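Biologist: Hi! Could you walk me through this fold? I'd like to start with the sheet and then ask about the cysteines.
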Amino acid sequence: DTLSTKIQSTELLTTHKRILLSFQSDENNRIQAYLLIPHDVNKNSKVPAVVVFHQTTKDTIKEPVGLGPNQSLAIANHLVERGYIVLAPECFIMKGKGPQAQATELAKNSPELTGMGKMTFDSSRCIDFLEIHENVDSARIGCIGFSLGAKEVLYAMAFEPRYKVGVFNEGGIGIRMSNWTDPWYLTSKMKPSIPEMEHHQVLALIAPRPILIMGGNSADGDSSWPFIKAVLPVYGLFGAEEKIGLINHQGKHTFPHAARAKAYQWIDHWLNHKATKEEVGPQ
């Protein structure tokens, strides 16, 4: 196992198994994650998997699995109830003393990488991990994220073709719509290149795979439309215009119940999965 996976704890819950583990990212660090496996998965099962990228929160991976105070963002729990194997990895910027310290350490250890570059590499390692799991259908792996997690979805989908579907909620699809030039994302070195370089160019790399952009008129929403419009012709070349979507859920910087329902339906549809339970979480 080139990932050098280490199991830290295993809990048997009512509907699924929750495993806390870590695996190697690069020579400098490891990725800690929760792996959720439905109880009805047996040794002969091959089921789709979803990677859930958490938002900026001190709860990090506890939030997606329902161990934080916000159950509406227990996205990994909702998806495992729907029959997915789910991996919820910790974003490197939330380790130790936080984003600024992590950005400084990254610049020292891996000067060729931006924070987004590191996150994107880690997202590929998540696929490496899932692909060798005996119950994962490696042809059906998707990703979903809110806020910081949405930023990870955009780059994971663009640069890792093994992700087959993505949902991006309130990440700020435009570089000037959020804090993309912070030291732990693209850095201030990006500023002189805007707007000649913008995220419609990154979004275009995802075509023709399906991605849903969601927002509540905080980071994303109506203002996200120009990016979708710019990329539609690329999807059109593949006859895949229906595979890029935009929903304004009007919920500001949140992930409301109705929006989660649409997000999970999007993943179900494009991963060809019939949900074992229509779980969406609390209102």
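Modeller: Happy to! One definition before we begin: two strands pair if DSSP finds at least two bridges between them. Also keep in mind that this is a predicted model.

Biologist: Got it. So how many bridges join S4 to S5, and which way do the two run?
Modeller: Three bridges join strand S4 to strand S5, residues 85-89, and the two run parallel. Within that pairing, Val50 stands opposite Val86 of S5. To get from S4 to S5 the chain passes through helix H1, residues 75-81, and this β-α-β crossover is right-handed.

Biologist: And what joins S4 to S6?
Modeller: Strand S6 covers residues 136-146 and runs parallel to S4, with six bridges between them. Here Val51 stands opposite Cys143 of S6.

Biologist: How many residues of S4 are buried?
Modeller: Seven of the seven residues of S4, which spans 47-53, are buried, so the strand is largely enclosed by the rest of the structure.

Biologist: Let's zoom out. What is the strand order in the sheet?
Modeller: The sheet is open, has nine strands and follows the order S1-S2-S3-S5-S4-S6-S7-S8-S9, with mixed pairing. At the edges stand S1 (6-12) and S9 (244-248); each has a single partner strand, so one side of each is left without a neighbour in the sheet. On average, neighbouring strands of this sheet are turned by 20 degrees against each other, ignoring direction.

Biologist: Which way do S1 and S2 run?
Modeller: S1 and S2 (residues 16-26) run antiparallel and are joined by six bridges. One example is Ile7, whose bridge partner in S2 is Leu21. As for helices, H6 (residues 225-237) packs on the sheet and touches S8 (211-215) and S9. The direction of H6 makes about 160 degrees with that of S9.

Biologist: Now the cysteines. How many disulfides are there?
Modeller: The count comes to zero, taking a disulfide as a pair of cysteine sulfur atoms within 2.5 Å.

Biologist: Why is Cys91 not bonded to Cys126?
Modeller: The sulfur of Cys126 is the closest cysteine sulfur to that of Cys91, but at 10 Å it is too far for a bond.

Biologist: And what about Cys143, which came up earlier opposite Val51?
Modeller: Cys143 is in no disulfide either, and its nearest cysteine sulfur, in Cys126, is 9.8 Å away.

Biologist: Are Cys91 and Cys143 buried or exposed?
Modeller: Cys91 is buried, with a relative accessible area of 2%. Cys143 is buried too, with a relative accessible area of 1%.

Terms used: Residues are numbered from 1 along each chain as its sequence is written. This is a predicted model: local features need pLDDT of at least 70, side-chain atom pairs count only at pLDDT 80 or more; totals for chains, interfaces and linings use all residues. Side-chain values use heavy atoms; hydrogens and water are left out. Buried means under 20% relative accessible area, exposed over 50%, partly exposed in between (1.4 Å probe, protein chains only). Helices (H or I, at least four residues) and strands (E, at least two) are DSSP runs, numbered from the N terminus. A crossover is right-handed if, with the strands pointing away from the viewer, the path from the first strand over the helix to the second runs clockwise. Axes are lines fitted to C-alpha atoms, for helices over the stretch in contact, and angles run from 0 to 180 degrees between N-to-C directions. Contact means heavy atoms within 4.5 Å.
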